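Me: I'd like to learn how to read a structure feature by feature. Could you walk me through this one?

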Amino acid sequence: MQQKVPHNQYDLTFKRLFQFKEVFLNFLRGNINREWVNRIDAESLEFVDRSFIKDEFVEKEADVIYRARLEDTDVYFYVLIEPQSTVDRNMPRRLFEYMTLIWKRHMEEKGDELLPPIVPIVLYNGRSGWNIPTQIFKGFDIFKDDMFNYILVDVNRLDDEKLRSRLDLLSIILYLEKSRRNAEEFVEKLSEVSEYVCKLPQVQVKVFCSWLLRIVKPQVREEIESKIDELLKKIEAEGVEDVGEFIFNVQQLIQEYYREAEEKGKEKGYEEGIQEGIKEGIQRKEEEIVRRLIQKGFDDNFIAEATGVEIERIKKIREEYTEYS
């Protein structure tokens, strides 16, 4: 009768074997039928200690992690040694969880913008044949071009005409979002979409009006914020009776805010202009005093001590005085 090897001894044997780089590289070349395997830089092959992923792995798992360079890219090989006698149908999920932990630690350590490739490998010696897919994701053939890329929807680059032509709730909001930093344009667009918002189902009208108030809230006076909060509660509870009037009132709020901001900006500019004028006047007076002292033959150190003007500025005034005298 064949003696059964304890799981932990079986695991340890392979983990010890795989600590030799040449053994692991031969294992890859002998079992992975991919052209890139022969392009792995053998010198860069590095056994990664389990602490690389801290203590987040379950202790019962037996695994080996290697890192290598393939051209200018870090590649990880994650080998899960699976000594169970039957197939674990949770294997795809387990592998993905472990891969996620490796990615997490790599990003913390390297600070790369993109995730490195990970090649997951299961070393299995169970009695029953492996009878589950080796793919981690369903529908991989359909979505393989999309799964490891993300689709970017840049709101600012969306086409206004296309958004207007759709006239659904999301398109209307995106159409307005593009102009939320330009009050005049935002108010104008709000007028354009008012008619279409009125035709939306009441539940969507509530969502739109709540969104609109939250956009406006940071841009109004503090005393109006509480009124907006009250109105938001009312909309959530009762909806909006007259959408057109509601939008018109919001437009007025926005315009009022920016009129006030413009006036404050003018006042601030006026005040800053006065302060700047005073500053320039003081500087001219200082320069006049410095020139007089230079004419009388005083040195730069004495002038600096007497007037409080910086020595470098005095030297510059002296150079100009000498040049034009």
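Me: Let's start with one residue: is Glu71 buried or exposed?

Reply: Happy to help, and please keep in mind that this is a predicted model. Residues count as exposed when their relative accessible area is over 50%. Glu71 has a relative accessible area of 63%, so Glu71 is exposed. Glu71 sits in the loop that joins strand S2 (62-70) to strand S3 (73-82).

Me: What is the phi of Glu71 near?

Reply: The general idea comes first: most residues other than glycine have a negative phi. In this structure, Glu71 has a positive phi, near 60 degrees, although Glu71 is not a glycine.

Me: Now a loop residue on the other side of the scale. Where is Ser44 found, and what does Ser44 touch?

Reply: Ser44 lies in the loop between H2 and strand S1 (46-48). Buried means under 20% relative accessible area, and Ser44 is buried because its value is 17%. Leaving out residues up to four places away in sequence, Ser44 touches Arg67, Ala68 and Arg69. Ser44 and Ala68 are 24 residues apart along the chain, yet their C-alpha atoms are separated by 5.2 Å.

Me: How do I put such a contact into the context of the whole chain?

Reply: Look at the totals. Among contacts with a separation of 6 or more, 57% are between residues 24 or more positions apart. The chain has 325 residues, of which 32% count as buried, and its secondary structure consists of twelve helices and four strands. About 22400 Å² of the chain is exposed, with carbon and sulfur atoms supplying 50% of that area.

Me: Which residues have the most contacts inside the largest nonpolar core?

Reply: In soluble globular proteins, nonpolar side chains tend to be buried together. Here the largest nonpolar core holds 29 residues, and Leu190, Phe208 and Phe246 have the most contacts inside it. Two or more residues of this core come from each of helix H6 (169-177), helix H7 (183-198), helix H8 (202-216) and helix H10 (243-295). H8 gives the largest share, eight residues.

Me: Which residues is Leu190 in contact with, beyond its neighbours in sequence?

Reply: Setting aside neighbours within four places in sequence, the contacts of Leu190 are Leu176, Phe208, Leu212, Ile247, Val250 and Gln251. There is also a second, separate core of 20 residues, which includes Phe24, Leu25, Val75 and Ile121.

Me: Let's turn to rings. How many aromatic pairs does a search of the whole structure find?

Reply: The search finds 13 aromatic pairs. To read one, check the distance between ring centres and the angle between planes; an angle over 60 degrees counts as edge-to-face. For Phe24 and Phe77 the centres are 6.2 Å apart and the planes are at 70 degrees, so this pair is edge-to-face. The pair links distant parts of the chain, with Phe24 in helix H2 and Phe77 in strand S3, 53 residues apart. Both partners are buried: Phe24 has a relative accessible area of 0%, and Phe77 has 1%. Ring pairs also join Phe24 and Phe77 into a cluster with Phe18, Phe27, Trp36, Phe47, Tyr66.

Me: Finally, which residues form a nonpolar patch on the surface?

Reply: That patch consists of Leu17, Phe20 and Val23, which together have about 240 Å² of accessible area. Val23 belongs to helix H2 (residues 21-31), and its relative accessible area of 31% makes Val23 partly exposed.

Technical notes
Residues numbered from 1 in each chain as written. Predicted model: local features only at pLDDT ≥ 70, side-chain atom pairs only at ≥ 80, totals over all residues. Heavy atoms only, no water. Patch = residues over 30% accessible without salt bridge, like charges linked within 9 Å, V, L, I, M, F, W, Y side chains within 5 Å. Areas by Shrake-Rupley, 256 points an atom, 1.4 Å probe, with all protein chains shown as cover. Salt bridge = Lys/Arg side-chain N within 4 Å of Asp/Glu carboxyl O. Buried < 20%, exposed > 50% of the residue type's maximum accessible area, 1.4 Å probe, protein only. Core = buried A, V, L, I, M, F, W, Y, C linked by side-chain atoms within 4.5 Å. Contact = heavy atoms within 4.5 Å. Phe/Tyr/Trp six-rings, centres within 6.5 Å; stacked < 30°, edge-to-face > 60°.
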